[in-house]
Amino acid sequence: VVSTQSTGSSGINAEYGKQWYQRRVRASQKMKDFTSEPMGEKPVTSLAGIGEKLGGKLYDEGFQFAYNVLGQFLVLGKNEDLLVMWLKDKVGANSKQAGDCAKCLKDWCDSFL
């Protein structure tokens with residue numbers, strides 16, 4: 001006899017959905033926080049898409065502050081696609097992480113430059 005009773009996978013899916021939503025809310029808040037004020041000496045991890053792991057890799061490459069990555073973005077002509085490729089190549093960022101960072105810097109530039 002085959003059971004048709006649920007094994008609880010919908011509970012797992014619901015928990016995953018909740019975690020995904022919470023990460024998106026945090027990422028959105030991080031982007032808003034970053035783009036709402038001058039750069040100052042914010043750590044590289046204040047950039048959207050850059051957490052502790054990628055921040056550590058950027059730090060090791062000499063990019064300890066957000067303005068260091070902004071400088072790279074400006075050298076690349078404020079081209080988001082080039083920054084995405086650079087982040088993937090330099091520190092192994094995935095497309096989402098690199099895209100969030102590029103958008104964050106573009107939005108900041110649009111507000112402050």
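The following paragraphs lead through the fold, one of its helices, two buried polar residues and several salt bridges.

The structure is a predicted model. Its secondary structure consists of 5 helices and 0 strands, and reading along the sequence gives the pattern α-α-α-α-α. The chain has 113 residues, of which 31% count as buried. Its accessible surface amounts to about 7,200 Å², and carbon and sulfur atoms account for 53% of that area. Among contacts between residues at least 6 apart in sequence, 53% join residues that are at least 24 apart.

Helix H5 covers residues 95-112. Its 18 residues, at 1.5 Å a residue, should span 26 Å, and the C-alpha atoms at its ends are 25 Å apart, which agrees with that expectation. At the N-terminal end of H5, asparagine 94 acts as a cap, with a side-chain oxygen 3.0 Å from the backbone nitrogen of lysine 96. The buried residues of this helix are Ala98, Asp100, Cys101, Ala102, Cys104, Leu105, Trp108 and Cys109.

Two of these buried residues of H5, Cys104 and Trp108, are among the residues that threonine 35 touches, leaving aside residues up to four places away in sequence. The other residues on that contact list are Asp107, Ser111 and Phe112. Threonine 35 itself is found in helix H1, which comprises residues 9-35. Threonine 35 is buried because its relative accessible area, 17%, falls under the 20% cut-off. A polar atom of its side chain lies 2.9 Å from the backbone oxygen of methionine 31.

Glutamine 72 offers another example of a buried polar side chain. This residue is found in helix H3, residues 66-75. Glutamine 72 has a relative accessible area of 17% and is therefore buried, the limit being under 20%. With its neighbours within four places in sequence set aside, glutamine 72 is in contact with Phe63, Leu83 and Trp86.

The discussion now turns to charged residues. Side chains of opposite charge can pair when their charged atoms come close. In this model the count comes to 5 salt bridges. One of them joins the side chains of lysine 90 and glutamate 61, at 3.4 Å from N to O. Lysine 90 lies in helix H4 (residues 80-91) and glutamate 61 in the loop between helix H2 (52-60) and H3, so this pair ties together parts that are 29 residues apart in sequence. Both partners are partly exposed: lysine 90 has a relative accessible area of 34%, and glutamate 61 has one of 41%.

A further salt bridge lies within helix H5, where aspartate 107 pairs with lysine 103. The closest N and O atoms of these two residues are 2.8 Å apart. Because aspartate 107 and lysine 103 are 4 residues apart in the helix, they are separated by about one helical turn. Aspartate 107 is partly exposed at 22% relative accessible area, and lysine 103 likewise counts as partly exposed, at 40%. Aspartate 107 also appears among the residues touched by threonine 35.

Glutamate 37 and lysine 42 form another salt bridge between their side chains, with an N to O distance of 3.5 Å. Glutamate 37 counts as partly exposed at 38% relative accessibility, whereas lysine 42 is buried, with a relative accessible area of 11%.

Notes. Residues numbered from 1 in each chain as written. Predicted model: local features only at pLDDT ≥ 70, side-chain atom pairs only at ≥ 80, totals over all residues. Heavy atoms only, no water. Helix = DSSP H or I, 4+ residues; strand = E, 2+ residues; numbered from the N terminus. Expected span 1.5 Å × (residues − 1). Buried < 20%, exposed > 50% of the residue type's maximum accessible area, 1.4 Å probe, protein only. Polar contact = N/O pair within 3.5 Å; in protein donor to acceptor, adjacent residues only side chain to side chain. Contact = heavy atoms within 4.5 Å. Areas by Shrake-Rupley, 256 points an atom, 1.4 Å probe, with all protein chains shown as cover. Salt bridge = Lys/Arg side-chain N within 4 Å of Asp/Glu carboxyl O.
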